[in-house]
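Student: I would like to work through this two-chain model by question and answer. Where should we begin?

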Amino acid sequence: MSTLDGFLYGLGVVLTYQNLLAALAGALAGTAIGVLPGLGPVAGIAILLPVTYSLSPSAGLIMMAGIYYGAQYGGSTTAILINMPGESSSVMTSIDGYQLTKRGRAGGVLSIVAIGSFIGGTLSGVGVMLFSPVLADFAILFGPAEFFALTAGGLLILSRISGGSFAAGVFPMAIGLALSTVGEEPVTAQNRFTFGVNDLRQGVEIAALVVGLYGLAEIMSVVEELRRRPKPIGVSLREMLPRRDEIRRAWAPYGRGTVLGFIFGLLPGPSATLSSFASYRLEKAVSRYRHEIGHGAIEGVAGPETSNNAAATSSMAPLLALGIPFGASTALMLAALMVHGVQPGPLLLSNHPEVFWGVIASLLIGNIVLLILNIPLIGVWVSLLRIPNHVFLPLILILAAIGSYSVRNSMLDVYVFLLLGCIGYVLRKFDFELAPMVVGFVLGPLIEKHMREALFMSLGDVSVFYSSPIAIGIWTSVLLIMAFGLQRAMFRRLLGIYRNRTAPGNSG
Amino acid sequence: MSGAPVRKRTGYLAIGGIGVLLAAAYLGMALQMPFGRLSQPGAAVFPLIVGGLLVVGSLATIWEGWKTGPAERVEFPAGADRARLLGVVGLLLGYFVALPWLGQLLSSTLFCILLMRLLSSLAWPRVALYSILITGTLYAVFIHLLGVPMPRGVLAG
């Protein structure tokens with residue numbers, strides 16, 4: 001199937017009643033999650049994970065992808081209107097966005113951001129469409145040893161570049177891997193670390209783990225301070241029209257942000273957040289109006305917002321083509337696919353073309369839906385900001401409890417949610433990174449599977465892990481990144497700004 | 001907000017120490033599982049590698065704690081902020097204990113009422129009204145419409 005045929009086939013998959021509804025529901029939920037403080041895309045996807053189990057694999061993934069990039073759109077609304085980024089990827093947007101709001105340009109800026117997000121998301125979607133099949137074709141050459149290198153190496157890189165110190169990444173990663181070993185072992189059905197508890201034989205439930213780590217821990221931080229949110233200004237539809245000079249100045253940042261975001265999305269780490277920081281710095285370096293950036297320049301919002309959506313979209317490529325999630329949000333999508341019995345990876349294209357092409361086509365349809373939702377419905381999103389904490393927090397907590405319990409009808413999962421929420425709160429206080437824990441938890445069974453298969457097929461010859469050119473190439477890249485910390489050094493520079501702006505939050 | 005500062009060093013040493021204990025217990029249990037052979041690895045092999053990583057991560061945490069200057073602090077909530085935070089955790093625990101007995105609708109309504117009172121200064125009748133609206137809506141959407149299975153408790157008869 002050629003790329004064009006595949007895309008047309010994907011459009012046929014998406015343009016069904018159920019899948020369109022899934023895209024719309026995901027985009028709506030994602031935007032709301034992005035707007036409201038206390039929930040990020042990771043926790044949002046996790047809460048709605050049980051709902052996606054009842055859908056077809058393609059509809060479930062389309063909905064989760066919609067939540068992920070919808071949250072990037074929504075996160076910018078609070079950043080611009082009340083200087084409170086809904087997502088960590090919108091932190092940079094708040095600097096210039098809020099300055100422009102104070103000058104009475106809120107409506108125009110929101111439109112510039114929505115158009116930029118649309119352009120970044122759509123062009124990145126086209127990139128995913130062209131790049132993923134090539135990547136999948138290449139990955140057909142991979143055997144268990146190569147996949148072991150990719151999963152284990154990717155996890156190691158993620159733990160080192162997620163931010164913070166060596167311990168802040170490796171310790172949570174090891175905890176996530178350890179939690180993934182709880183339950184019945186798949187080959188010999190041996191119970192591991194179940195302590196005789198029947199509910200633990202199926203392992204720790206990912207929805208409970210992630211909602212606790214990301215959702216409850218974040219809500220505890222909100223409760224701790226419980227400051228009154230500043231009242232957002234009202235924005236009417238008429239004010240949403242950007243000025244001609246604003247549009248003219250936004251085009252170059254749109255282009256640069258799209259390219260930057262697309263590349264970041266293909267790499268391990270919190271790509272949407274990182275790319276928005278990188279884009280901001282790039283604009284400060286190359287823009288003709290760089291002296292205005294930081295004091296209310298359109299380039300300071302157009303670039304980062306375009307790039308975070310482009311990154312959120314292109315992060316689907318490694319997931320779809322390799323079956324490797326490089327962030328917590330895509331890790332959840334991988335987990336959901338596995339619940340449906342769909343094994344993501346290079347064979348996804350041939351075994352489940354409806355999932356592969358359906359999701360790719362949904363990236364484009366979803367961005368159109370989001371553009372439609374974000375410009376005319378801006379009043380609705382602004383009104384969400386007026387919901388007081390004492391109404392919003394109980395609602396989210398009950399929703400989280402329903403989400404945790406309903407997957408397996410197990411009270412144990414509800415207690416796991418509470419326990420991991422408290423652990424996540426403390427770890428975040430001490431600047432430990434939570435994404436390696438989630439990705440480690442999801443990748444743990446895959447790493448073990450690939451390791452055992454490789455040893456089995458090589459009759460116990462451990463040199464299988466470093467004998468093929470692909471495995472050598474992957475491990476060399478991992479060693480180089482780990483040793484020289486190329487991405488890490490870049491992240492630190494970017495993180496310097498991030499830490500000054502906000503506490504660590506939900507980076508997908 | 002007046003916080004209760006905790007030394008970062010103390011936190012890291014405590015987290016690393018707990019990590020070492022967990023790793024020791026984890027490795028102890030892993031050692032009792034079958035090893036298999038290299039050509040057919042048993043259930044113990046992967047947990048032993050993970051246990052090793054946990055030891056490395058925990059020792060790194062202790063090392064970084066040791067190297068952290070005594071002046072570095074992490075702010076934890078104090079006074080009313082701490083009481084409110086602990087109140088939320090306590091209410092959640094109570095909610096989860098009550099959930100199987102009282103069922104989703106009743107326990108959620110009670111939890112919502114108490115949490116709203118904790119987070120606001122609204123009068124009881126308003127709190128009760130909001131709580132019934134919130135939990136009623138969630139019940140209608142998730143349990144009634146989407147058929148999400150939740151404990152029904154005493155209401156199930």
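Tutor: Begin with a cut-off: a residue is exposed if 12 or fewer other C-beta atoms lie within 10 Å of its own, buried if there are 20 or more, and partly exposed in between. Keep in mind that this is a predicted model.

Student: By that count, is A:Leu459 buried or exposed?

Tutor: A:Leu459 sits in the loop between helix H21 (435-457) and helix H22 (469-484) of chain A. Its phi is near 55°, a positive value in a residue other than glycine. With 11 other C-beta atoms within 10 Å, A:Leu459 is exposed.

Student: A:Phe193 has a positive phi too, although it is not a glycine. Which exposure class does A:Phe193 fall into?

Tutor: The phi of A:Phe193 is about 55°. A:Phe193 belongs to the loop between strand S2 (191-192) and H10 of chain A. There are 19 other C-beta atoms within 10 Å of A:Phe193, so the class is partly exposed.

Student: How does the radius of gyration of chain A relate to the globule rule?

Tutor: Chain A has 23 helices and two strands. For 508 residues the globule rule gives 23 Å, and chain A is as compact as a globular protein of that length because its radius of gyration is close to that, at 22 Å.

Student: What share of the residues in chain A is buried?

Tutor: The C-alpha trace of chain A spans about 70 × 50 × 50 Å along its principal axes. Of the contacts in chain A between residues at least 6 apart in sequence, 81% join residues at least 24 apart. Among the 508 residues of chain A, the buried share is 65%.

Student: Which helix supplies the largest share of the largest nonpolar core?

Tutor: That core has 216 residues, and those with the most contacts inside it are A:Ala46, A:Val210, A:Val211, A:Leu332 and A:Val438. The largest share, 15 residues, comes from chain A, from helix H5 (residues 57-82).

Student: Leaving out residues up to four places away in sequence, which residues does A:Ala46 touch?

Tutor: A:Ala46 is among the residues with the most contacts inside the largest nonpolar core. Not counting residues up to four places away in sequence, the list for A:Ala46 is A:Ala207, A:Val210, A:Val211, A:Tyr214, A:Gly215, A:Leu332 and A:Gly403.

Student: How far is A:Gly70 from A:Ile33, C-alpha to C-alpha?

Tutor: A:Gly70 is in helix H5 of chain A, and it counts as buried because 34 other C-beta atoms lie within 10 Å. Beyond its neighbours within four places in sequence, its contacts include A:Gly26, A:Gly30, A:Gly34 and A:Leu370. A:Gly70 and A:Ile33 are 37 residues apart along the chain, and their C-alpha atoms are separated by 8.2 Å.

Student: What radius of gyration does chain B have?

Tutor: Chain B contains four helices and four strands, in the order β-α-β-β-α-β-α-α along the sequence. The globule rule gives 15 Å for 157 residues, and chain B is more spread out than a compact globule because its value is well over that, at 24 Å.

Student: What percentage of chain B is buried?

Tutor: Along its principal axes, the C-alpha trace of chain B spans about 60 × 50 × 20 Å. Buried residues among the 157 of chain B come to 32%.

Student: Which element of chain B gives the largest share of the side that touches chain A?

Tutor: The contact involves 56 residues of chain B and 48 residues of chain A. On the chain B side, 41 residues are nonpolar, ten polar and five charged. The largest share of that side, 15 residues, comes from H3(B).

Student: How are H20(A) and H3(B) oriented relative to each other?

Tutor: Helix H20 (residues 411-429) of chain A and H3(B) pack with their axes 10 Å apart, at an angle of about 175°. Angles over 145 degrees count as roughly antiparallel, so H20(A) is, relative to H3(B), roughly antiparallel.

Student: Into which classes do the residues of that contact divide?

Tutor: H20(A) contributes A:Met411, A:Val414, A:Tyr415, A:Leu418 and A:Cys422, and H3(B) contributes B:Val89, B:Leu92, B:Leu93, B:Phe96, B:Leu99 and B:Pro100. The division for the contact of H20(A) with H3(B) is no charged, no polar and eleven nonpolar.

Student: Which residues of chain B are in contact with A:Met220?

Tutor: A:Met220 is part of helix H10 (residues 206-225) of chain A, and it counts as buried because it has 22 C-beta neighbours inside 10 Å. Leaving aside neighbours within four places in sequence, A:Met220 is in contact with A:Gly421 and A:Tyr425, and in chain B with B:Leu85 and B:Val88.

Technical notes. Residues are numbered from 1 along each chain as its sequence is written. Chains are lettered from A and ligands numbered from 1 in the order in which they are written. This is a predicted model: local features need pLDDT of at least 70, side-chain atom pairs count only at pLDDT 80 or more; totals for chains, interfaces and linings use all residues. A nonpolar core is a set of buried Ala, Val, Leu, Ile, Met, Phe, Trp, Tyr and Cys residues joined through C-beta atoms within 7 Å. Two residues are in contact if their C-beta atoms, placed from the backbone, lie within 7 Å. Ala, Val, Leu, Ile, Met, Phe, Trp, Tyr, Cys and Pro count as nonpolar, Asp, Glu, Lys and Arg as charged, and the others, Gly among them, as polar. Axes are lines fitted to C-alpha atoms, for helices over the stretch in contact, and angles run from 0 to 180 degrees between N-to-C directions. Angles under 35 degrees count as roughly parallel, over 145 as roughly antiparallel, 65 to 115 as roughly perpendicular and the rest as oblique. The radius of gyration is taken over C-alpha atoms; the globule rule is 2.2 Å times the number of residues to the power 0.38.
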